[in-house]
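This report covers charged pairs and aromatic pairs. Have the coordinates open while reading.

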Amino acid sequence: MGAVPAGYEGGDGTAQADVTFRQCRAPTMRLRLFPFGRSMHVRFRFSRPSSALLGLALGTALTATGAQAADAPEAGRKGSVGIAVVALKAPYAGYDTDRLAAPIVSWEGRSFFFRGGSVGYRLHQTAQSELALTASPYVMRFKRRDSHDPQLRQLDNRSLSGMLGVSWRHQADWGVLQANAQAEVTGHGGGFSADARYAYPVPAGRVTFMPAVGVTYTSADLNDYYFGVSQREAARSGLAHYSAGSGVSPYMDIAAVMPLGPRWTATASIRRTSLADAVRDSPMTRGDHMDTAALSLSYGF
């Protein structure tokens with residue numbers, strides 16, 4: 001096996017750390033998994049980002065450097081800083097695909113770590129596995145003023161949520177297996193989410209590709225906060241009253257990382273998430289999937 005991955009937090013709405021690679025007989029490479037979209041292949045048009053997409057993008061971009069210092073003992077580094085260009089489209093009706101830039105930061109201590117938007121404390125760690133307590137944002141937000149849909153502009157706003165839970169990772173020659181479970185703790189209806197993900201690194205010269213598949217479970221309370229329509233909102237907007245149930249969202253992504261020197265790393269990635277029935281059936285949403293994407297450049301220290 002040419003590369004061994006380490007350090008991803010999860011694939012659900014919560015902020016996610018990414019994957020670190022150690023290439024045999026080559027400089028350390030760090031793969032930052034966060035979505036990358038097709039529109040970004042052509043050109044970038046930076047506009048004033050919507051509040052909802054800004055929340056999503058920052059959660060995505062900031063966690064892009066999540067595990068950059070996971071191999072700090074070997075590399076003599078504890079963290080990284082950089083910038084990411086993110087393109088994504090929330091599933092809400094009337095939302096445009098947005099493109100914006102965001103800073104990315106990470107730091108790894110002996111027990112504590114900061115991986116983008118996620119803060120954690122390692123409960124147990126071996127050469128192949130890590131178990132940690134984590135606190136991170138659930139990177140979903142709805143701002144009615146950011147929708148072009150006149151009915152959605154009559155609904156209440158939905159804010160970012162704070163999540164607490166545990167994460168686990170195991171790496172081996174056959175790939176990396178990651179999972180997490182987190183509960184909402186900021187008074188947004190409660191609920192929880194859980195995620196499981198498998199990834200496999202594929203070295204190809206200077207570039208390492210990382211295809212992955214995963215599945216996210218979101219409870220009814222959490223889905224209903226972001227995608228439900230209350231009786232009061234229904235009367236005001238004309239939308240049908242809707243109580244969202246729990247749901248499962250499978251996803252797949254692929255990322256590519258290339259070192260640009262002893263400290264600089266460039267990364268591109270793309271993810272497609274299939275929306276759960278509970279989200280797809282909401283009168284607030286359109287379509288059956290969500291694409292998210294990014295490019296990043298980071299400097300390790």
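A salt bridge here is a side-chain nitrogen of Lys or Arg within 4 Å of a carboxyl oxygen of Asp or Glu. This is a predicted model: local features need pLDDT of at least 70, side-chain atom pairs count only at pLDDT 80 or more, and totals for chains, interfaces and linings use all residues. Residues are numbered from 1 along each chain as its sequence is written, and side-chain values use heavy atoms, leaving out hydrogens and water.

**Salt bridges**

The count comes to 13 salt bridges. Three of them are tabulated.

| Acid | Base | N to O distance |
|---|---|---|
| Glu108 | Arg122 | 2.2 Å |
| Asp156 | Arg232 | 2.8 Å |
| Asp277 | Arg280 | 2.1 Å |

Glu108 and Arg122 are both buried (under 20% relative accessible area; exposed is over 50%, partly exposed in between; 1.4 Å probe, protein chains only). Asp156 is partly exposed, at 24%. Asp277 is partly exposed at 47%, and Arg280 at 30%. Shared partners join Glu108, Arg115, Arg122, Glu130 and Arg169 into one salt-bridge network.

**Aromatic rings**

Rings of Phe, Tyr and Trp (its six-membered ring) pair if their centres lie within 6.5 Å; planes under 30 degrees apart are stacked, over 60 edge-to-face, the rest tilted. The structure holds ten such pairs. Trp174 and Tyr198 have ring centres 6.4 Å apart and planes at 20°, so they are stacked. Trp174 is partly exposed at 44% relative accessibility, and Tyr198 is partly exposed at 31%. Tyr225 and Tyr226 are edge-to-face, because their planes stand at 85°, with centres 4.7 Å apart. Tyr226 is buried, at 1%. Tyr92, Tyr95, Phe142 and Phe227 form one aromatic cluster.
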